[in-house]
Each structure stands twice: as structure tokens, then as C-alpha cells.
Amino acid sequence: MAALCEEFTLCGLIASAGAGAGQGILGLEPGPDPDRVLLTDRGRTATLYKVSDQKPLGCWSVKQDQTITCPAVCNFETGEYIAVHDDKVLRIWKDEDVNLDKVFRATLTADVYRIHSVPHTEPLVLFKGGAVRTLDALLAAPQQEIENVISDEVIRWSEAFMETQQPVLIFTTEKNGNYFVYVQKVNPNILHKYKLEQEESFHPLSFTAYTKNKILTLLCLYSNGCVYKLLMSLQQRVPEEEQILSKSLLLKMVVSDTVLKGASLAILDKDHVAVLGCLDSPPNIAKECLSIWNTKFQTLQTSKELPQGTSGQLWCYGEKFFLTHGKVLTVIVYKCETSSLATAVGKLKDTQTSGMRTVSSYVNWNTLQEEDLASPHAQQSVAAKTESKRTVSFRDVFPLLSLQELRQFLSNAQMSDFQATVGYIITGLVNRCKTEPTFYPRHCLVQLIQTQGLSYSLCPDLMAVALDKTDVHLLQLCLQQFPDVPEAVTCACLKSFLSISDDSLQGTNVNLDSVISFIDITPNDQVEKQTETVQNGFSSALMEEDSCDIQLTQKPHVVDTEELCPVGPQKAALLNAILHSAYSETFLLPHLKDLSAQQVILFLRYLQFLYIKCSEKVSTDFPGMLSPTINQIMDWMCLLLDAHFTVVVMLPEAKGLLFSLHKFVRAQVRFCSELNKIEGSLQELQRIKHQKDFGLYSIEMLELV
């Protein structure tokens, strides 16, 4: 028996230039692990998504005048990503790369149709002319000549498999209404060609295939609603003449006088297939739907109408359907069970699930209601809990949630469902905070966050409530604990922190561990700097003179305003939490533009202060895990300048800041230049140090140059 389960939206779809929303996306490929997929649109962008959190993990784009023409894939052997733009330009990059223009590039001599990546082997590159190469072979000689295997034929579909530890690629072509099938073995290089039996009034809409016991099975979905099966042996060692494939009927889905349009076919298991398409019959209105069919008993198991329309594209990874529905990419979870006649006709009761609530593995935390929250003290098994689960109102639970009893509950919580239980509790608390403005159990929320069992996706409204209450301590904890805070929320926190005055933050409970190494918690009006050794090439005199004639010591002087922190220690600690948060540059830049000019200048001054303080030390990093690193400081400074370049250039009060930054960076560059000059001397000393011992007596000849 098969059934459709949870449904949720993975992401919105934006129509690319020259491509309408109805054309769908260029491709969707599996990512490095089962919970990630790689989406390529019909434009310039490839995006990596985490399915369970519906969150983008990375986004990469080519230049404005370039277009991605081949869906990006993941190389399972190296963890890198591969894509082709403008038909012939191959790009390879990693997760940490940001700009595709700076990653590996290879220009090929022929147009690429598709790249297929299969686990435990090198990716295969299929060219539009039918030739197949491994990625290693192409990278070794990108300008090698690529032969044309097919003549005047157009590739319609392709797929790759592993059979007996060897890669096999199959692709179908079309020419003047005739369809051909090519099976390419890579090692040894053997190509077989087949021809499909021609139908008079119907044509193939979709293909899918699988291999088993050295037999390649091709399934073809025709426009008359029939699915045909074709078998090809993979044991043939020598290429033969073109053969005509005979097909056998596997499934007939629709009645006569009905035409199937824009359809896709996917194999779920040995007894089930999924079909996405539109049934077009003259008296009825055409409706698009997703259906699961049992091929063993020729029965429809389940179906779902899609009123907003689809592009006819269907992908199936890890018991999840991916399809375009209107202007979004929708994910539908399904399940398939062993086929029997009783289940096929709906007469067998599901003894395992009857009387039990279905527990979703993809929880939509926004839809949880108070009455759905179960007692946290239940100690039965999951099946027993779902049968005898007693629901209570969170209004009755709140009196029990004192700090002491909350700690006792957290210490006694079962580890198997600990994260979900904490998620239930904090969701109920946040929901009541939204409905009752006077209710805000701050200490309970802090205690729950400190369990380190939460993430933003488990309680997406928590930070919004904290922003509304201006609870900077809770926001700091969330930024430090949550690994998946969206860029929009990060920028909202940054804007809130910059808008709060230092006086109002005095006495606020903020963790200052990230600032005690470089900010005096009790500053004086004037701090006299003692005589100290210059480290890392930094000195104020160096900046003023713009020279690298560095003295080893400096005379005492009064600290310049640039050496004083422009914000108080509490605000500095909050801003450090922002600097530590994860982000994607593509998604962060638009939200950074919401900052006002004064907030931008203040944040830049603080980043300048951190940069100067880091450069004073030999290690160029502050001690402690929560302190910002030099790379984080520089990245945020560059992002801020990119987002507000025009504003910063035009503001009079920013000129001094930019001039100071310019002088400091120039001094650092000159210092590095001086270090490079002595590199040769250091290498010579290293060589002399490791000279071999020739014993007590030796004759050496030295040549003076």
C-alpha cells in the first residue's frame, strides 16, 4: 500500500529572464547527504537546501551575461559541486567558495547535455553529440576532440547507474518522430543502440529506468496513459547492429479518448510507480495531479490534485517527491509498503497504525496548538504514548514551570525525544507570549535555550518575541546557540543592538566573555598607554608617518580616540554575537541595506576598533571561543561597505573613518612587504641549520657569486 504524507514548501521560485514560471527549474540533484538537495534554476544560480529545515545552505551564481545550461551536481567522491554554463564552460567549486568567477574553470570543445554523478565512481559527462567522458578524463585534457555519436538526433532523457561496480549510462534520442535508446558502458567502452517500436498516434512523454541482475529495465510513459516496459541485457560484450526493442504493457492508467500531457514518471519500488501529469479529455476540464499506482495489481493507490499547476517535472529522493506547484517547489513525503491483494483493494486494516496518531518527522512548528502539547512526564513507549496521550492546556503547566522544577524536568527528560519535548514546551510558551502581551517567562526561556537542544527552525517565533520585548540577553543566547538563524533575523538583531543606547544597556545581564580581552569593563576618561613592544607591525606613529621605519618601543602618550571602543562593553558583546553568526553573503547583503547611515558608521567604527586591536597582537586573534576572529571582522567590514558604498562615500562624517582605514591597511601592506624581503634570508638560515654532518674531516668548495 502507498500513501502520501506530509507536504511542505521547500522554497519559492522566481522566473528567470526569458523563462516563465511554467517552465520549471533546470534541475534538482541530490546533495552530499540525504537531507540536502541542489537546485539549479533556468538562469544563473545554483542553491543548496537542507530539506528538513527548508533553509538554504549556500547559493552560487555566474555573471550577468552568463547562463547555467547544465544542472549542478555533487561529486560524491570529493564533495565538490560541478556545473556547466554557456554549454561549454565547466565550473568546479566547494562549499566555502563564494564567487563562481574565481573557482576552477575548464572550457571544453563540445556542448554538454548533462553531468551524471553516481556514488563510488567518477561523474560522467554526456555531450549533446552523444559522446560520454569521465570527469577525470576531461580535466586531464579539456581541449580534446569530442566525437559525434548521434546524427541529427536530439537527446530527450538520460540517467546513470552502477552495475557490477561499473558505471552505465543510458540516454534516449528523438528524430522525426522516431525514438532511439543508447546504452553506454564506460569500462570497457561499449555502446549499444536500440530503436523503439513506433506508435501511430501516441508518443513517449517520460522515461525512467533501473538495473537488476545485469538487466536494464526501461519504463516509458506514453501520451495514451500507458506505461510500457523494455528489457536490455548488460552482458553483451560486443556492440551489435541497431536492434528494435519490443515493449510490454506494464500499466494502463486512463480510459480511451483521454490524452496525458506534460507528464513525468518515477519508480518508487518494484511494485509502485508515481505519475505527475495532466489528463486532458474533451468534456472535462484538464486537471493536474500526482498519483501512485500499483503495477502488480493495476490499481490506483492514492492521488493528489495540484490546482495551481505544475511544470510537469518530478524528482524522487529518499521517500520524498519534489515538484513545482505554482510558484513554489513543494516536497511531499510518501510511504510504500509490501503489496498484497488485500491492501491493493483497500480491505486490509493497518494494525500497526490503527488508533495511533501519525507522528511527523517534518514538524511544522508554526501550526502547533496548545491543545496538541502532551504531558512532558509520560514515560511510555512511542506507540503507547500516542494511544494514551492525554492533552493538557499549557495554562495548567505554567505554574509547574518554576526554575527549580524546570531544571528537574530537563534532567529527567528522555534523551530519545528530548529535543522535540523542549520544542513543544518553548513553542507553547511563545504562543502564549504572542496572545498575552503581559506574559513573558524570561527565565524559563533562557533555561530552555541553555539546554543546547534547540535551533531556530524548532522555535522560529522565539527571536521575534525577544526582539519585540528588546530582550538583548535572550537574543545574544539565540545567536550563540542557534546554528540556523536566517539572515533577515540576524540583521534585525543587528539593527536593534545598534539602536539601543549604551546608557540603557548599563546593568543589563549580557555575557561579556567575548570583550574582556580587549575592553576595560571600567574605563577611565583618559587611559595612559605604557611603554610596550610593538607587535605585528602596528604602531600609531606608523599610521601617521605612513612609513615602515618601526621603532621597537614607543613613548608614553594619551590614547587616540581611534584606540577607544566607540561602544560600551555590553553593546560590544552583542555585536560580537552578530559577528559569530552563520550567514550566506547572497542572502545577507539585501537585509544589510536596511541599516541607517548612522548605524552603518557606528558599526564600521567598532569593526575598525576590533581590526586595530587584533593587529596589535602577534596571533591576530583574541583569546576565547566567543571572541571575533580577524577573518570575521574583515568579512563583515567588506559586506557593510558593499551594502552601503554610496552612502559611506557621500557622508562627510565617514571620510575620516575611511581615511584612517586606508592608512592602516596601507601600513599593514608595507609591513608585509618588508617581511617578504627577509624571507630569502630566513630560508638560507633554515638551509644552513639542516646541513648534513660530514664528520670530523671534509673538503668543501664554496663558490662566491
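**Exercise 1. Find how many disulfides the structure holds, and explain the result for Cys5.**

Solution. This is a predicted model, in which local features need pLDDT of at least 70 and side-chain atom pairs count only at pLDDT 80 or more, while totals for chains, interfaces and linings use all residues. Residues are numbered from 1 along each chain as its sequence is written, and side-chain values use heavy atoms, with hydrogens and water left out.

Start from the criterion, a pair of cysteine sulfur atoms within 2.5 Å; a search of the whole structure with it returns zero disulfides. For Cys5, the closest cysteine sulfur belongs to Cys336 and lies 9.4 Å away, which is too far for a bond.

**Exercise 2. Decide whether Cys5 and Cys11 are buried or exposed.**

Solution. Apply the limits for relative accessible area: buried is under 20%, exposed is over 50%, and partly exposed is in between (1.4 Å probe, protein chains only). Cys5, at 35%, is therefore partly exposed, whereas Cys11, at 7%, is buried.

**Exercise 3. Locate the residues of the largest nonpolar core that touch the most other members, and identify the helix that gives the most to this core.**

Solution. Such a core is a set of buried Ala, Val, Leu, Ile, Met, Phe, Trp, Tyr and Cys residues joined through side-chain atoms within 4.5 Å. The largest has 76 residues, of which Leu462, Met463, Phe482, Leu592 and Phe603 touch the most other members. Helix α15 gives the most to this core, with 11 residues; in α15, 15 of the 19 residues are buried.

Key
Helices (H or I, at least four residues) and strands (E, at least two) are DSSP runs, numbered from the N terminus.
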